[in-house]
Structures are given as structure tokens and as C-alpha cells.
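Here is a short report on how two chains meet, and on one of the pockets. Look at the model first, then read on.

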Amino acid sequence: MSTAASTLQPIFAVPFGSARLAQPDRLNLALSAGLSPLATDAQRDPALPADPLCFRSREELFEWQGEPLSYLKREMLAAMCSIVMRANSVTEEQFNALGLQARARFVIVRPNGALPATSLPLASWCVIYCVAAPDLSPERVDSAAVRLYGHRLGGMFLDAANWAMREPFHYGHHLWRPVPGEMAVFPAWLPHEVALNRGDRDLLLVIARVRFANPGAEVEMMPPW
Amino acid sequence: MVTQPTMIRLSSGFAVPFGETWLTDHQRLNRELEALFLSRETSEYRNPTPSHAPQEETFESRFNLFKWPEACVRELRLFMLGGVADTVMQAVNISAEELGKLTMHNHTWFHITRYAGSFVAHNHPLASWSAVYCVRAGERVPEHPGSGTLRFFDSRTGADSFADPTIPRLKAPYALRPRDLRLEAGQLVVFPSYVFHEVAPFYGRDTRITVATNCWFAEKHN
């Protein structure tokens with residue numbers, strides 16, 4: 001082995017954060033009871049293909065008034081901001097001065113359904129909150145998991161010294177398993193999907209895309225979305 | 001603002017070559033292939049070292065299909081590898097004579113997909129050209145128009161994260177979106193192995209059967 005002092009660090013890293021609400025059970029029960037009956041044609045996003053096994057609502061959930069959605073919105077955005085701030089080189093004071101816009105929808109992935117791969121345009125961050133999830137299946141490790149795509153093409157040449165690189169260097173996708181009360185935060189450009197739900201219960205997610213504006217550069221001046 | 005008409009010449013930069021062709025009169029060959037593959041949907045023929053989490057709904061064979069001696073396999077080999085070679089000839093600055101001096105290697109296997117089977121997005125390291133041939137498309141399901149779609153992902157990941165009214169309306173071949181192919185029996189598609197692709201969940205009540213090959217060329221050694 002070399003005696004030279006060396007360092008190893010990731011470059012070009014993709015930020016990924018997760019958070020868990022303190023006591024999410026009552027909130028999730030109320031959200032499930034309120035949202036599940038709204039998975040109707042009237043609430044479905046007409047811009048997206050209809051899928052009997054994957055319902056995607058209009059992207060206006062955060063404009064709805066009342067509890068428990070207002071509470072969920074506050075908690076999702078607060079957790080996201082905490083993570084995003086840590087990924088940026090700004091002070092807390094500077095970050096708190098930013099303007100913020102968020103749009104959200106709820107998604108229900110039924111048994112044998114999947115959410116096709118997508119990324120979220122005109123936003124910088126995506127946050128996904130899990131309201132309800134099917135039981136874990138040891139045999140089907142990716143069942144109903146959010147799969148974040150690793151699309152680096154440098155992995156086209158593999159040999160014995162790069163095919164088994166460990167996190168965060170390895171080539172391949174990243175799985176985040178939705179657990180009720182937990183949320184994931186990652187860049188909105190990152191393609192992601194929900195792998196086929198092999199369980200016998202629905203997966204209910206709230207997915208938001210978020211963008212920020214510097215003080216003085218009003219968020220209203222940003223491109224319409 | 002200048003009103004003089006411009007003489008812009010539009011061309012495609014950073015293009016990805018896709019080859020497509022169809023086998024005419026494929027019915028007999030596909031019948032024979034289907035019968036052979038179904039008879040060998042067994043542990044003996046299953047890929048023992050899958051690169052992705054295997055699914056019970058999708059059978060993946062060993063990668064030595066084109067070493068099988070059966071006449072129908074040899075016939076398919078000729079068609080598929082010929083399609084790859086034709087694509088290479090059109091996309092690469094190489095003469096037929098130069099190509100003929102290279103050895104063409106392949107890993108080839110078949111998939112049998114049943115209800116709710118899919119295959120995760122992936123590409124094929126250590127290969128240059130990949131191809132998929134459709135033996136049986138499987139039942140079309142009107143409420144699931146994407147059922148069993150072979151979906152190719154745009155290699156310009158993130159390029160559409162800013163979208164004004166023009167970007168989402170880019171025409172082919174400039175459009176920033178996945179390219180979906182609902183394969184038909186007898187259809188062959190050839191593409192660079194670096195392109196990420198997946199099979200969307202299949203919701204037919206029957207089977208979807210495809211053959212895939214990864215190819216690479218090497219100098220012949222005497």
C-alpha cells in the first residue's frame with residue numbers, strides 16, 4: 001500500500017434529505033380519511049394520463065384551506081427548508097428572507113400500480129411525504145419504494161475496481177422506502193418513480209415541488225408553472 | 001428588432017441513433033420461439049446472476065441464447081445481429097470491409113413477462129449496441145395504454161427542469177422526453193447500450209415475450 005497521505009470525497013453529489021414528524025399517526029389518519037375519497041375523476045390532474053392503479057390529483061393541494069392540510073403544509077415546508085438550507089451556502093437569516101412558492105398533489109398508488117418516472121420542472125426542490133404505506137415485503141425489496149434514478153453514464157465501463165463502489169460513489173439507483181410520517185427531500189430535476197406496489201394496501205403520498213426567490217426578486221416574477 | 005429573414009439551418013446535435021426494422025412473415029418463427037421459450041422457463045435456464053432484483057412475474061433466461069443450436073434461434077440470431085450490424089454501418093464511420101474484420105460478441109437472453117411484471121430502468125455497461133426483438137407483444141389493455149411499453153429515457157437528464165412555453169413543445173428529434181415503444185411481434189429496435197431504458201408494468205392477462213442482445217466488437221486475434 002502507498003504511504004502517501006490521501007483523501008477521498010464525493011464531488012458532484014446530489015443532496016438527499018429525510019425527516020420524520022414527531023407524532024404523525026393522528027395526522028395521517030385524518031389525511032387518509034380526507035384524501036382517499038377525493039381520488040375521483042373530478043380531482044384527477046387532467047394533464048396526466050388516467051391510470052386506474054395510480055391516482056394523481058391536481059397540483060393544488062396546498063391551496064386547500066383548513067386542517068389537517070394546513071398543518072401538513074407547514075410541517076413539510078419547514079422540514080424541507082431545514083434540509084435545503086444545509087445544502088446551501090447561505091446564512092439562516094439570508095435563507096429566511098427568501099420568497100417561497102410550493103405546489104402539491106396527492107398520489108395514491110394502488111396494489112399492482114406504479115408511478116411512472118418523472119421529474120418536476122420549474123422548481124428547485126421536491127418533497128415527498130408519506131401518509132400511508134403497505135407493509136414492507138422482505139421478498140420484494142423495492143415494492144412501493146420511491147426510486148431515485150442514478151443516470152451517470154460513466155458507469156458504462158465497469159471493471160473489478162468500480163462495479164462495487166460503496167455509497168455515495170456507486171452507480172445505480174437510490175431507494176427511499178416511504179414510511180408513514182416520514183418525508184424525503186431532493187432536487188426537483190432528479191428523475192424518480194414509485195416502483196410497483198406489490199402489497200395489498202394503497203400507498204398515499206403528498207408530493208410537492210418548491211422554488212425560492214431572492215429578496216426583491218418576487219416569486220411572482222418567476223415563470224408560470 | 002431586425003426583420004431581415006434569417007437563413008438558419010437546423011440540425012440535430014448530440015443525437016442518439018435508433019435503428020428499427022420488422023421481420024416480415026414472422027408468425028412461424030415467433031410461434032416456434034414462443035414454444036421453445038415457454039418450455040424452457042425453468043430454473044435450469046434462468047439467469048443465475050441477475051443484475052437487478054428478480055421478479056416472479058418476469059422470467060429472465062441465461063445470457064447464452066444465441067449459442068443454442070435450435071434452428072429457430074439460429075434464424076433469429078441472423079436477423080437480430082444483422083439488424084445490429086446494419087445500424088452500426090449506418091451510424092458509424094466504418095466500411096463493410098472494416099466491420100467484417102471485427103469479431104462481433106453478444107450476450108443474448110429472453111424475457112417472459114406476465115401480469116404486473118416490469119423491468120427497472122437500466123443500461124448495459126461493457127457493451128456498445130443493444131437490441132430488443134418482440135416475439136409476442138401481449139394483450140393490449142385499453143385502460144393501461146402504457147402496459148409493457150419499452151421506454152427509453154432521454155440522456156439529457158435535467159435539461160427540461162427549466163421549461164418555458166417552447167421547451168415542452170420541442171419537435172422530434174429534439175424533444176426532451178422519454179421515447180415509448182409499444183413493440184409489435186416481429187419488431188426489432190437497436191440502440192446504443194448507454195441509453196437507459198425500462199419495461200413499464202405489463203397488465204395483459206397473457207404473456208409478453210422479448211429477446212434482448214448486448215453486442216460489442218473487437219479486433220480479431222489470429
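## Where the chains meet

B:Glu56 forms a salt bridge with A:Arg140; their closest N and O atoms lie 3.4 Å apart. The model is predicted. Across the interface of chain B and chain A, three salt bridges are found. Polar contacts add to the picture: eleven residue pairs, both at pLDDT 80 or more, make them between the two chains.

Which elements of chain B give two or more residues to the side that touches chain A? They are β4 (117-122) and β9 (197-202). The largest share, three residues, comes from β4(B).

The interface joins 30 residues of chain B with 31 residues of chain A. The area buried between them is about 2,300 Å². Carbon and sulfur atoms give 63% of that area. B:Leu126, B:Thr157 and B:Phe196 supply 20% of the area that chain B buries against chain A. No other three residues supply more.

## A pocket

The second largest pocket holds about 660 Å³ of space. Its lining has 25 residues. Nearest its centre lie A:Val14, A:Gly150, A:Arg152, A:Pro168 and A:Gly172.

## Two sets of residues by class

The table sets out the classes for the chain B side of the interface and for the pocket lining.

| Set | Nonpolar | Polar | Charged |
|---|---|---|---|
| Side of chain B that touches chain A | 15 residues | nine residues | six residues |
| Lining of the second largest pocket | 16 residues | seven residues | two residues |

Methods: Residues are numbered from 1 along each chain as its sequence is written. Chains are lettered from A and ligands numbered from 1 in the order in which they are written. This is a predicted model: local features need pLDDT of at least 70, side-chain atom pairs count only at pLDDT 80 or more; totals for chains, interfaces and linings use all residues. Side-chain values use heavy atoms; hydrogens and water are left out. Contact means heavy atoms within 4.5 Å. Buried area is the accessible area (1.4 Å probe) that two parts lose on being put together, summed over both. A salt bridge is a side-chain nitrogen of Lys or Arg within 4 Å of a carboxyl oxygen of Asp or Glu. A polar contact is a pair of N or O atoms within 3.5 Å; within protein, one must be able to donate a hydrogen and the other to accept it, and residues adjacent in sequence count only if both atoms are side-chain atoms. Helices (H or I, at least four residues) and strands (E, at least two) are DSSP runs, numbered from the N terminus. Ala, Val, Leu, Ile, Met, Phe, Trp, Tyr, Cys and Pro count as nonpolar, Asp, Glu, Lys and Arg as charged, and the others, Gly among them, as polar. On a 1 Å grid over the protein atoms alone, a cavity is a set of points where a 1.4 Å probe fits but cannot get out, and a pocket is an open set with protein on both sides within 12 Å along at least five of seven lines; lining residues have an atom within 4 Å of a point. Grid points are joined across faces, edges and corners, and a volume is the space filled by probe spheres set on the points.
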